Amino acid sequence: MAAIRYTPLRIKWEPLAIEGETENVVRATDRLRRILRSWEDTPYMAGQGYKGVGADCVRATVAIMAEWIRWDTPKFTTLPPDAALHSRRGAIRALIDILRALPAHHRVRGRADVVYPGDVLITGHTNGGPGHAIIVGTEKNTLWQATQTGGFIKCGWALPPEFCRVYAVMRFRDLSGSF
C-alpha cells in the first residue's frame, strides 16, 4: 500500500481573540470545543447534517457554526457529493451555497496568513475546485472535518492530497454578543 502524503498548512494558528472581550473569548472557545467534541465520530453521510446520525463536510460545518452562534441551521439545496472532484461549475455552486448558508461569516480577503478557532477553510481538489469545508479547532494546530472514511474527526495541521488547495477562509465578523 502506498503512503498518503498530506500537505502541511502554511497558515499560522492563533487562539481566538476579541479586543476587550476576554470573558466572551473564553466562553466562545469553550462552547466551540464542546460542540466539536459532541459531533466527533458522527458517521459520514452525503447530503445530511445530523449530529450522531450522519453528515457530510458542508452540512456538518454549517450545523456546527449555527449551533455555536445560536441561530437556526439554514436549509440549502442538495449538492452532488463529488462536486469538487468532477465539475468546476458544481464546485463553484457548492462554494456559493456555503457562503449563503453562513451569513455571519465573511471571506478573509487576500491570502490568509493566520486562522483562529471557528474559522472555516474552504478547500478542494486542485484540478476540480472548492467543495470541502473544514473547521479550525480550539486546540493549537487542529482541524475538524467530515471524511468519508472516518466520519467527523479531529485531525492535525495538514490537508489530504485530494483537498490540498485552500480556496477561501471564512470568519465571523462579530462574536462579542453570541455567548
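M45, Y50 and V53 together form a nonpolar surface patch with about 300 Å² of accessible area. Such patches consist of residues with over 30% relative accessible area and no salt bridge, nonpolar side chains (Val, Leu, Ile, Met, Phe, Trp, Tyr) being joined within 5 Å and like charges within 9 Å. Accessible areas come from the Shrake-Rupley method with a 1.4 Å probe, and for residues only the protein chains shown count as cover. The model is predicted: local features need pLDDT of at least 70, side-chain atom pairs count only at pLDDT 80 or more, and totals for chains, interfaces and linings use all residues. Residues are numbered from 1 along each chain as its sequence is written, and side-chain values use heavy atoms, with hydrogens and water left out.

Within the patch, V53 belongs to the loop between β3 (49-50) and β4 (54-55). Helices (H or I, at least four residues) and strands (E, at least two) are DSSP runs, numbered from the N terminus. V53 is exposed, at 51% relative accessible area; the term exposed denotes over 50%, buried under 20%, and partly exposed the range in between (1.4 Å probe, protein chains only).

**The loop between β10 and β11**

W157 lies in the loop between β10 (151-155) and β11 (158-159) and is buried, with a relative accessibility of 14%. Apart from neighbours within four places in sequence, its contacts (heavy atoms within 4.5 Å) include P8, L9, I11, W13, V115 and V136. I11 is 146 residues from W157 along the chain, yet their C-alpha atoms are 9.1 Å apart. G156, in the loop between β10 and β11, is partly exposed at 41%. Beyond its neighbours within four places in sequence, G156 contacts N141 and L143; the C-alpha atoms of G156 and L143 are 6.1 Å apart, with their positions 13 residues apart in sequence.

**Aromatic pairs**

The whole structure holds 2 aromatic pairs. Rings of Phe, Tyr and Trp (its six-membered ring) pair if their centres lie within 6.5 Å; planes under 30 degrees apart count as stacked, over 60 as edge-to-face and the rest as tilted. W39 and F152 are arranged edge-to-face, with 6.2 Å between centres and 65° between planes. This pair links W39 in helix α1 (residues 22-39) to F152 in strand β10, 113 residues apart. W39 is buried at 2% relative accessibility, and F152 is likewise buried at 2%. W144 and F152 are stacked, at 5.7 Å centre to centre and 20° between the planes. W39, W144 and F152 form one aromatic cluster.

**Salt bridges**

A salt bridge is a side-chain nitrogen of Lys or Arg within 4 Å of a carboxyl oxygen of Asp or Glu. The structure contains 9 salt bridges, including those tabulated here.

| Pair | N to O distance |
|---|---|
| R27 and E23 | 3.0 Å |
| E139 and R37 | 3.3 Å |
| R171 and D119 | 2.7 Å |

R27 and E23 both lie in helix α1, 4 residues apart, about one turn of the helix. R27 is partly exposed at 34%, whereas E23 is exposed at 61%. E139 lies in the loop between β8 (129-136) and β9 (143-147) and R37 in helix α1, so their salt bridge ties together parts that are 102 residues apart in sequence. R171, in strand β12 (residues 165-172), and D119, in the loop between β6 (114-115) and β7 (120-125), tie together parts that are 52 residues apart in sequence. R171 is buried at 18% relative accessibility, and D119 is buried at 2%. Salt bridges with shared partners join D30, R33, R37, E139 and K154 into one network.
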